[in-house]
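This report sets out selected features of one protein structure for a structural biologist. The sequence and the coordinates are shown first, and the description follows.

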Amino acid sequence: MGYKSYAEFAVHSNMASSPKVVMCFLHELNNMVRFKADEEFKAIRDFKRKKCGQNYVDLEPWDETYFTGMMKASAFNLDSSSVASYFPLSQCIEGLKVLVQSLFGAKFHSIPLAPGESWHPDVLKMSLDHPDEGPLGYLYLDLYSRKGKYSGCAHFAIKGGRQLSETEYQLPVVALVCNFSGSRNSSIVRLNHWEVETLFHEFGHALHSLLSRTCYQHFSGTRVVLDLAETPSNLFEYYAWDYRVLKTFAKHYSTGETIPEKLVKSMQGAKKMFAATELQRQILYALIDQTLFGEQPSPPRDTVSIVADLKSEYTSWNHVVGTHWHTRFNHLLNYGGGYYSYLYAKCFASSIWQEVCQEDPLSLATGTALRTKFLQHGGAKDPACLLSDLIGSDGIIKYREGGIVPDITSLFDEMSLTEVK
């Protein structure tokens, strides 16, 4: 096919255009984050030694979640069950309704399912309606876990929008599938905040599909170049962390009390506490992806040694001999050669949030800018033009080696990482 590797094949039609551009971007991110990530590593190691004694010198990969959880809980007096008490699923669905009404002047309405229309009794159907434009699309919600169901959380485009004639438009139909555990009564089910963030992430994808207005179905909604596709979903994660948004729907399941601003600030502080470590992990995943799908040496090396060497080179964490966790990393199949797209999206979303949304995240003006300059175009408009029209070319993209990379300034300002150490 004329490509030197699968990575080159996968990337050539994206904004990045080549693995070389991707690797330059990943190395730039790594250089920026390494010093802070190493500081966080030392803090976790010191905490372990304090708790377990000096005989426990080394920090192992399985220590991270355990000790960072303890450190966050201690620093910010957080309890996950207390946080979840403010997020009954029924209120979180109300939060999605608040978003579309505030930002786009539209409303979700529950509508009955026709006989045989649903694939399971748990499924709900809603129409998205605008007072002036009429119906905009349809959303199925399949939110509860059950045996035999797809195990992740995802948005699925069932029918893309397209222009049928000068006066008729085929409305998009999408499904938002999650796996929240517990009762089928949405007022009883309570979400951990990471589940709320996931719900808003997938809802960002759904809005991209529902609000898109393209001539051809092939360009509808999320059918964009891969390294743009995760931008709306990453952007709407910010809405799950902003107190001005949370106070509109996050109510205590038994008292009805609005979530306290002090609690939200603690949640935000805990999120930032090991942000460099989390970003470094995503960089490592993207480097592994590019390396495994990139040009291979002769003779080829086994994947375990490749992963171990990359982890040693780009982080301070040990690789555990005899393990091969990457074989369970599903994104290597779904996003082969393209996992870097999540980091592109993280940078783009940070810039959009700061420049367009942060000042007034729930205003109709904010929503109009997002809809008319970005979401409605799907993949029918050049992605660089989309981003530049929304933000300005100086604030969101850079041209490098024949490709396009995100401007990382907003993300690193957000993380207080502004200098290469």
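## The loop between H11 and H12

Pro299 is situated in the loop that connects H11 and H12. In this predicted model, the peptide bond leading from Ser298 into Pro299 is cis, with omega near 0°.

Glu295 belongs to the loop between H11 and helix H12, the latter spanning 303-314. With a relative accessibility of 57%, Glu295 counts as exposed. Although Glu295 and Tyr3 are 292 residues apart in sequence, their C-alpha atoms are 9.7 Å apart in space. When neighbours within four places in sequence are set aside, the contacts of Glu295 are Lys4 and Ser5.

## Nonpolar cores

The largest nonpolar core comprises 110 residues, and the members that touch the most others are Phe87, Leu139, Phe203, Tyr239, Ile259 and Ile352. Helix H14 (residues 341-357) supplies the largest share of this core, namely 10 residues. A second core, separate from this one, has eight residues, among them Leu59, Phe67, Phe274 and Trp317.

Which residues are in contact with Phe203, leaving aside its neighbours within four places in sequence? They are Leu96, Leu99, Val100, Phe108, Leu139 and Leu176. Of these, Leu139 is itself named with Phe203 among the core residues that touch the most other members.

## Salt bridges

Side chains of opposite charge can pair when their charged atoms come close. Across the whole structure, 16 salt bridges are found.

One of the pairs is formed by Glu401 and Lys20, whose closest N and O atoms are 3.3 Å apart. Glu401 is in the loop between strand E8 (397-400) and strand E9 (403-406), while Lys20 is in helix H2 (residues 19-52); the salt bridge therefore ties together parts that are 381 residues apart in sequence. Glu401 is exposed, its relative accessible area being 52%.

## Further charged pairs

Arg281 and Glu278 also form a salt bridge, in which the closest N and O atoms are 2.7 Å apart. Both residues lie in helix H11 (residues 275-293), and because they are three residues apart there, about one helical turn separates them. Arg281 is partly exposed at a relative accessible area of 23%, and Glu278 is likewise classed as partly exposed, at 37%.

In the pair of Asp309 and Arg301, the closest N and O atoms of the salt bridge are 2.4 Å apart. Asp309 is partly exposed, with 41% relative accessibility; Arg301 is also partly exposed, with 38%. Elsewhere, salt bridges with shared partners link Asp122, Asp142, Arg146 and Lys149 into one network.

## The internal cavity

How many cavities of 30 Å³ or more are counted? The count is one. The largest cavity holds about 40 Å³ of space.

The lining of the largest cavity consists of Ala157, Lys159, Gly160, Pro172, Val174, Ser209, Ser220, Thr222 and Arg223. Sorted by class, this lining has three nonpolar, four polar and two charged residues. Glycine is counted with the polar class here, so Gly160, one of the lining residues, is placed in that class.

## Residues with positive phi

Ser17 has a phi near 75°, which is a positive value in a residue other than glycine. Ser17 is located in the loop between helix H1 (6-11) and H2. Its relative accessible area is 23%, and Ser17 is accordingly partly exposed.

Glu401 also has a positive phi in a residue other than glycine, with a value near 50°. The position of Glu401 is the loop between E8 and E9. Is Glu401 buried or exposed? With a relative accessible area of 52%, Glu401 is exposed, since the exposed class begins over 50%. The side chain of Glu401 is also the one that forms the salt bridge with Lys20.

Definitions and conventions
Residues numbered from 1 in each chain as written. Predicted model: local features only at pLDDT ≥ 70, side-chain atom pairs only at ≥ 80, totals over all residues. Heavy atoms only, no water. Core = buried A, V, L, I, M, F, W, Y, C linked by side-chain atoms within 4.5 Å. Buried < 20%, exposed > 50% of the residue type's maximum accessible area, 1.4 Å probe, protein only. Helix = DSSP H or I, 4+ residues; strand = E, 2+ residues; numbered from the N terminus. Contact = heavy atoms within 4.5 Å. Salt bridge = Lys/Arg side-chain N within 4 Å of Asp/Glu carboxyl O. 1 Å grid on protein atoms, 1.4 Å probe; cavity = no way out; pocket = protein on both sides within 12 Å on 5 of 7 lines; lining within 4 Å. Points joined across faces, edges and corners; volume = space filled by probe spheres on them.
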